[in-house]
Amino acid sequence: MIDGAAVDTRPTKIMYVAEATAHGGRDGYVTSQDGQLELRVAMPPALGGDGAGTNPEQLFAAGYSACFHNALVLVGRRAGYDLSGSTVAAKVGIGPNQQRGYGLAVALSVSLPVVDQELAGKLVDEAHQVCPYSNATRGNIEVTILLG
């Protein structure tokens, strides 16, 4: 929110559309329309499954970390910094919510060894405004960002 008004983060133009299909829910497989993705999915042992495949939370963590890292490199480049050697790791937790459903929580761990902590904080804050995953989750799930 800026000055009490909600900020509209919807795209003004769609530049790319990803398409994937789930077969069998959490005990099946997922595929992408272009054939680049074909993965077995399985419930993790912590949720009563055998863990013999990836799961939606791992896929979300992979997508969010890659997207946030790209946003970070972009804002760094715009500010004149080469952020080579930086990394972003994501942890995605799942658990019951108060509406008898399930919710997610995200923790992003950002490593920016080439800049000082103050600048790193500013770049991370800006990346959090640029990243489409951050914009999609803002106000919906808890996202914690840790600088390391």
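User: Which residues does L72 touch, not counting residues up to four places away in sequence?
Analyst: This is a predicted model. Near sequence neighbours, up to four places away, are left out of the list. What remains for L72 is L83, V88, V110, L112, L123, V124 and A127.

User: Which residues of the largest nonpolar core touch the most other members?
Analyst: This core holds 22 residues. L72 is one of those with the most contacts to other members. The full group is F68, L72, L108, V110 and L112.

User: Which element gives the largest share of this core?
Analyst: Elements that give two or more residues are α1, β4 (87-96), β5 (102-111) and α2. Seven residues make up the largest share. They come from α1.

User: How many salt bridges does a search of the whole structure find?
Analyst: One joins the side chains of E57 and R26. Another joins R10 and D8. K122 also forms one, with E118. The search total is three.

User: How far apart in sequence are the parts that E57 and R26 tie together?
Analyst: Their side chains meet in a salt bridge at 2.4 Å, N to O. E57 lies in helix α1, and R26 lies in the loop between β1 (20-23) and β2 (28-32). The pair therefore ties together parts separated by 31 residues.

User: Is E57 buried or exposed?
Analyst: Buried means under 20% relative accessible area. E57 has 10% relative accessibility. Its partner R26 is partly exposed, at 25%. E57 therefore counts as buried.

User: Is R10 buried or exposed?
Analyst: R10 meets D8 in a salt bridge of 2.7 Å, N to O. The cut-off for exposed is over 50%. R10 has 63% relative accessibility, so R10 counts as exposed.

User: In which helix do K122 and E118 both lie?
Analyst: The closest N and O atoms of this salt bridge are 3.5 Å apart. Both residues are exposed. They sit four residues apart, about one turn of the helix. That helix, residues 117-130, is α2.

User: Which side chain forms a polar contact of 2.7 Å with that of T54?
Analyst: T54 lies in the loop between β3 (38-41) and α1 (56-78). T54 counts as buried, at 16% relative accessibility. The side chain that T54 joins in this polar contact is that of Q58.

User: Which residues does T54 touch, not counting residues up to four places away in sequence?
Analyst: Q58, the polar partner of T54, is not on this list. The residues that T54 touches are L39, R40, V41, A42 and L59.

Terms used. Residues are numbered from 1 along each chain as its sequence is written. This is a predicted model: local features need pLDDT of at least 70, side-chain atom pairs count only at pLDDT 80 or more; totals for chains, interfaces and linings use all residues. Side-chain values use heavy atoms; hydrogens and water are left out. Buried means under 20% relative accessible area, exposed over 50%, partly exposed in between (1.4 Å probe, protein chains only). A polar contact is a pair of N or O atoms within 3.5 Å; within protein, one must be able to donate a hydrogen and the other to accept it, and residues adjacent in sequence count only if both atoms are side-chain atoms. Contact means heavy atoms within 4.5 Å. A salt bridge is a side-chain nitrogen of Lys or Arg within 4 Å of a carboxyl oxygen of Asp or Glu. A nonpolar core is a set of buried Ala, Val, Leu, Ile, Met, Phe, Trp, Tyr and Cys residues joined through side-chain atoms within 4.5 Å.
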